[in-house]
Amino acid sequence: MNKRISLTIDGQSVSGIISELSRSGLTVEITSPFSGYRTGRYVPTFARASRNYLEIGEQVASELLTELYNDLQLLAEKRDLLTTKFKHVLSKLRQHKASQEELSAKKPELKQQFKAGLLDQKHYQQSLKAICNHGTQQGMQSTELVKQFIDDHLPGWHHSLDHDQLISFLSSD
């Protein structure tokens, strides 16, 4: 489904599409004046009796598109300042990603050592668990870095963008 929606927000024409719509949720993507950013809303199974997005989807889509536009507009207005401050965070995120890639490369090596009989089952599992735990810890630290950046520099932000979209926005030129 790709249903187009258009709004005027503070005199600005804003367009988007409802890319997913079901009884339990919807996803909206902004197409103008920004593009490539999306957000959604979903209802857990136990609450679906009280909320049906097939009935209220366009209203909720308008709300989501407005939130998405307002968040992107705020980021655009503060882009220079935020980008400068975000470089430090981005550097740390790149270090975490490199570390995670390095850890992922160790898994096949461990498996080869295990198959070759150089590691017993116990040591193989312990080493694999340590790699996975370290990777999880790196991921949590990355998420916390972005969350702290948001708390420090964007108080009151709606958070309609997920962390990856925020990183993409601040990393792009």
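**Notebook: residues, loops and a pocket**

**Entry 1: Phe86**

I began with Phe86, whose place is in helix α2. The model I am reading is a predicted one. Is Phe86 buried or exposed? Its relative accessibility is 1%, and buried means under 20%, so I entered Phe86 as buried.

I then asked which residues Phe86 touches, leaving out those up to four places away in sequence. I listed Leu93, Phe149, Ile167, Leu170 and Ser171. For one of these partners, Phe149, I also looked up the separation along the chain and in space. Phe86 and Phe149 are 63 residues apart along the chain, while their C-alpha atoms are separated by 7.7 Å.

**Entry 2: the order of elements**

I next wished to place helix α2 in the whole chain. I found four helices and four strands in the protein. Read from the N terminus, the order is β-β-β-β-α-α-α-α. Helix α2 covers residues 79-115, helix α3 covers 121-153 and helix α4 covers 163-171.

**Entry 3: overall dimensions**

I looked up the extent of the C-alpha trace, which spans about 65 × 45 × 25 Å along its principal axes. What is the radius of gyration of the protein, and what would a compact globule of 173 residues have? The protein has 21 Å, whereas such a globule would be near 16 Å.

I also noted that buried residues account for 35% of the 173 residues. The protein exposes about 10,600 Å², and 49% of that area is supplied by carbon and sulfur atoms. Of the contacts between residues at least 6 apart in sequence, I recorded that 56% join residues at least 24 apart.

**Entry 4: the largest pocket**

I turned to the largest pocket, which holds about 250 Å³ of space. It is lined by 14 residues, and the closest to its centre are Leu93, Lys97, Ser142, Asp164 and Ile167. Leu93 and Ile167 were already in my notes as residues that Phe86 touches.

Which helices each supply at least two residues of this lining? I wrote down α2, α3 and α4. The largest share comes from α2, with six residues. Sorted by class, the lining has four nonpolar, seven polar and three charged residues.

**Entry 5: Asp164 and Gln138**

I followed Asp164 from the pocket list and found its place in helix α4. Asp164 has 60% relative accessibility, which is over 50%, and I therefore marked it as exposed. The C-alpha atoms of Asp164 and Thr143 are separated by 9.5 Å, and the two residues are 21 apart along the chain.

In helix α3 I looked up Gln138. Its relative accessible area is 9%, so Gln138 counts as buried. What does Gln138 touch, not counting residues up to four places away in sequence? The list I obtained is His96, Ser99 and Gln100.

**Entry 6: Gln95**

I returned to helix α2 for Gln95. At 52% relative accessibility, Gln95 is exposed, because the cut-off is over 50%. I compared its position with that of Leu65, which is 30 residues away along the chain. The C-alpha atoms of Gln95 and Leu65 are separated by 34 Å.

**Entry 7: the loops**

I then examined residues outside the helices and strands. Asp10 lies in the loop between β1 (3-9) and β2 (12-22). Its phi is positive, about 50°, although Asp10 is not a glycine. I reminded myself that most residues other than glycine have a negative phi. Asp10 has 76% relative accessibility and thus counts as exposed.

Pro33 is in the loop between β3 (25-32) and β4 (37-42). What kind of peptide bond joins Ser32 and Pro33? I found a cis bond, with omega of about 5°. As a general matter, most peptide bonds are trans.

My last residue was Asn52, in the loop between β4 and α1 (53-77). Is Asn52 buried or exposed? I recorded Asn52 as buried, because its relative accessible area is 15% and the cut-off is under 20%. Asn52 and Ser24 are 28 residues apart in sequence, and I noted 6.4 Å between them in space, C-alpha to C-alpha.

Key
Residues are numbered from 1 along each chain as its sequence is written. This is a predicted model: local features need pLDDT of at least 70, side-chain atom pairs count only at pLDDT 80 or more; totals for chains, interfaces and linings use all residues. Side-chain values use heavy atoms; hydrogens and water are left out. On a 1 Å grid over the protein atoms alone, a cavity is a set of points where a 1.4 Å probe fits but cannot get out, and a pocket is an open set with protein on both sides within 12 Å along at least five of seven lines; lining residues have an atom within 4 Å of a point. Grid points are joined across faces, edges and corners, and a volume is the space filled by probe spheres set on the points. Ala, Val, Leu, Ile, Met, Phe, Trp, Tyr, Cys and Pro count as nonpolar, Asp, Glu, Lys and Arg as charged, and the others, Gly among them, as polar. The radius of gyration is taken over C-alpha atoms; the globule rule is 2.2 Å times the number of residues to the power 0.38. Buried means under 20% relative accessible area, exposed over 50%, partly exposed in between (1.4 Å probe, protein chains only). Contact means heavy atoms within 4.5 Å. Accessible areas come from the Shrake-Rupley method with a 1.4 Å probe; for residues, only the protein chains shown count as cover.
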